[in-house]
Amino acid sequence: MENTFKQIVLIQIILLPVLIILLIFFPVPEEVSYLPYFEGAIANMSDGAVIVSSIIGLGLLVTNWVSCFLIYYFKPVGRPMYLWTLILLLASYLLAPNVNTGLYAMLDNLDSILAGATLVFMYFTPIKEKF
């Protein structure tokens, strides 16, 4: 069971850089952002607010990635850090409209499934004793 847990966490550690590379090299076409659904999402935000929200989002992603390393090595601080970064990332994901390419959405959904499996392993299996 420990081996399966470590494999799941390792896949999550690998997926974050892959998702970032997909966002950089395979962006969503710009004409999609001109649809009426998105017209007020970021247009009403000042430049400072966009910068601050971007910094907070990047901080959450880095913190989540670091917490994946911590839970991989069964460090006790990694468990609550992982849980709270997942909760905050989910909240930030639900606050604004977004659009993704098909490949990015598929890998993001895979990452979400693996995050759920990680939470189950950490809180409901004998692995919780290792933390």
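Two residues are taken to be in contact when heavy atoms of the one lie within 4.5 Å of heavy atoms of the other. By this criterion, among the contacts of the protein chain between residues at least 6 apart in sequence, 78% join residues at least 24 apart. The model examined here is a predicted one, and its protein chain holds four helices and zero strands, which follow one another along the sequence in the pattern α-α-α-α. The C-alpha trace spans about 50 × 30 × 20 Å along its principal axes. Of the 131 residues of the chain, 25% count as buried, and the accessible surface comes to about 8,700 Å², with 72% of that area belonging to carbon and sulfur atoms.

Helix H1, formed by residues 2-25, has 24 residues and reaches 35 Å from its first C-alpha to its last, a span close to the 34 Å expected at 1.5 Å a residue. Its buried residues are Phe5, Ile8, Val9, Gln12, Ile13, Leu15, Leu16, Leu19 and Leu22, and these pack against helix H2 (47-72), helix H3 (78-95) and helix H4 (102-124). An α-helix has 3.6 residues a turn, so residues three or four places apart point the same way. For helix H2, the 26 residues should span 38 Å at 1.5 Å a residue, and the end C-alpha atoms are indeed 38 Å apart. The buried residues of H2 are Leu60, Asn64, Ser67, Cys68, Ile71 and Tyr72, and what covers them includes H1, H3 and H4. Just after H2, Phe74 takes a positive phi of about 55°.

The largest nonpolar core of the model has 20 residues, and those with the most contacts inside it are Phe5, Val9, Ile71, Tyr82, Met122, Ile127 and Phe131. Helices H1, H2 and H4 each supply at least two residues of this core, the largest share, seven residues, coming from H1. The surroundings of Ile71, which is one of the buried residues of H2, illustrate how the core is assembled from separate parts of the sequence: when its neighbours within four places in sequence are left aside, Ile71 is in contact with Phe5, Val9, Gly78, Arg79, Tyr82, Thr118, Met122 and Phe131. In soluble globular proteins, nonpolar side chains tend to be buried together.

Nonpolar residues also appear at the surface, where Ile20, Ile21, Ile24, Phe25 and Phe26 make a nonpolar patch of about 540 Å². Within this group, Ile21 is found in helix H1; because its relative accessibility is 46%, Ile21 counts as partly exposed, a class that lies between the limits of 20% for buried and 50% for exposed residues.

A search of the whole structure finds one salt bridge. In this salt bridge the side chains of Lys130 and Glu2 meet, with a distance of 2.7 Å from N to O. The pair links distant parts of the chain, given that Lys130 lies in the segment after H4 and Glu2 in helix H1, 128 residues apart. Lys130 is partly exposed, with a relative accessible area of 43%, and Glu2, at 30% relative accessibility, likewise counts as partly exposed.

Technical notes: Residues are numbered from 1 along each chain as its sequence is written. This is a predicted model: local features need pLDDT of at least 70, side-chain atom pairs count only at pLDDT 80 or more; totals for chains, interfaces and linings use all residues. Side-chain values use heavy atoms; hydrogens and water are left out. The expected span of a helix is 1.5 Å times one less than its number of residues. Buried means under 20% relative accessible area, exposed over 50%, partly exposed in between (1.4 Å probe, protein chains only). A nonpolar core is a set of buried Ala, Val, Leu, Ile, Met, Phe, Trp, Tyr and Cys residues joined through side-chain atoms within 4.5 Å. Patches are made of residues with over 30% relative accessible area and no salt bridge: like charges are joined within 9 Å, nonpolar side chains (Val, Leu, Ile, Met, Phe, Trp, Tyr) within 5 Å. Accessible areas come from the Shrake-Rupley method with a 1.4 Å probe; for residues, only the protein chains shown count as cover. A salt bridge is a side-chain nitrogen of Lys or Arg within 4 Å of a carboxyl oxygen of Asp or Glu.
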